[in-house]
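Dear colleague,

I am passing on the structure we spoke about, and I would be glad if you could look through it alongside the notes that follow.

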Amino acid sequence: MVPGVGQVHRDIAAAAARIAGRVERTPLRRSDWLSAATGAEVFLKLETLQPTFSYKIRGALNAVRRLAESGERTPLVTASAGNHGRALAHAAREFGYAVTVYAPEGAPATKLAAIRRLGAELRVCADYDEAEAQAKRHGASGEALFISPYSHPDVIAGAGTVGLEILEQHPRLDTIVVPIGGGGLISGIALACAARLEVLGVEVEASSPFTHSLAAGRIVPIDVGPTLADGLAGNLDPDTVTFDIVRQHVKRIVRVPEAELEDAVRGLAREERLIAEGAGATGVAAVLAGKAVSPGQQVAVVLSGANIDMEKLAAILAR
């Protein structure tokens, strides 16, 4: 048994009740564009419409509200490529917690500005791996509680509510396509849904720690390259619970290169009038490239975030 998995599984329904009214029940919208391109029935789960423009608000609010209900008032600390930090800052402000966010200097300016605007203390590091190491040390000092962006039971349970909603919105799906960075989102969705359908993960070629670690049978370090999917870039915490959850419940992971990511971001804007960041569009990239679905299938693709710098989006659209 994976440590904590049983409790996480039981907590997903409770998380849905805990965050109800504080997050959007986002639409599951059919994409004529992707359906025509693939011969499948493709639906987009629009987590880009959340108050912080990514699914991360679900796990952050679930974790912080549980702390508030317990009476714990210790300050919070986290590492983030941007979206989790923004979401945790949002939740911390709502429930009256101080929070420190360690983030890589290469994170999109829109994400860093939002973290500061929400009142968090932002500490900028060279890259995500350094940010996570420093945040964990900060938490280990006893001065703050470390809330992992992906390896925390309440964060995973909150992410799992995306899967619960999808099942309620379309009970006859065959596949859910999910971006993978640290694995919190796909872990939650897999725990909620894998008994009923296939949960397929998508990594980017520039940063694919799960592909390499699953092949090795253990978590292994990788070299992380530059990528449009900044929200997915980085190594796995050696102690993360998500590795075993993914190993047990996710049957297939595919990878997409940068050119396919750009095509997906561009296509979503032009064909669907939707803004997605690189990480948010990885599932669409896999679908467009024929890596994720077969004709006739019923497929949901999670658009996980929309926090892309407008200058970067404009450059992609101009190409």
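**Helix 11 and what surrounds it**

Helix 11, residues 258–272, has 15 residues and at 1.5 Å a residue should span 21 Å, and because its end C-alpha atoms are 20 Å apart, the expected and modelled lengths agree. Please keep in mind that this is a predicted model. Within helix 11, the buried residues are Leu-261, Ala-264, Val-265, Arg-266, Gly-267, Leu-268, Ala-269 and Glu-272, and just after the helix Arg-273 takes a positive phi of about 55°.

Leu-268 also belongs to the largest nonpolar core, which has 35 residues and in which Leu-44, Val-177, Leu-268, Val-284 and Val-301 touch the most other members. Helix 11 is one of the elements that each supply at least two residues of this core, and the others include strand 2 (41–46), helix 12 (282–288) and strand 10 (298–303). Another core, of 32 residues, lies apart from it and has Leu-28, Ile-156, Leu-236 and Phe-243 among its members.

Leaving aside neighbours within four places in sequence, Leu-44 is in contact with several residues, including Leu-268 and Glu-272 of helix 11, as well as Leu-28, Val-284 and Val-301.

**The largest pocket**

The largest pocket holds about 280 Å³ of space, and of the 15 residues that line it, Pro-104, Asp-127, Tyr-128, Val-224 and Ala-233 lie nearest its centre. By character, the lining is made up of eight nonpolar, four polar and three charged residues.

With best wishes

Technical notes
Residues numbered from 1 in each chain as written. Predicted model: local features only at pLDDT ≥ 70, side-chain atom pairs only at ≥ 80, totals over all residues. Heavy atoms only, no water. 1 Å grid on protein atoms, 1.4 Å probe; cavity = no way out; pocket = protein on both sides within 12 Å on 5 of 7 lines; lining within 4 Å. Points joined across faces, edges and corners; volume = space filled by probe spheres on them. Nonpolar A, V, L, I, M, F, W, Y, C, P; charged D, E, K, R; others polar. Helix = DSSP H or I, 4+ residues; strand = E, 2+ residues; numbered from the N terminus. Expected span 1.5 Å × (residues − 1). Buried < 20%, exposed > 50% of the residue type's maximum accessible area, 1.4 Å probe, protein only. Core = buried A, V, L, I, M, F, W, Y, C linked by side-chain atoms within 4.5 Å. Contact = heavy atoms within 4.5 Å.
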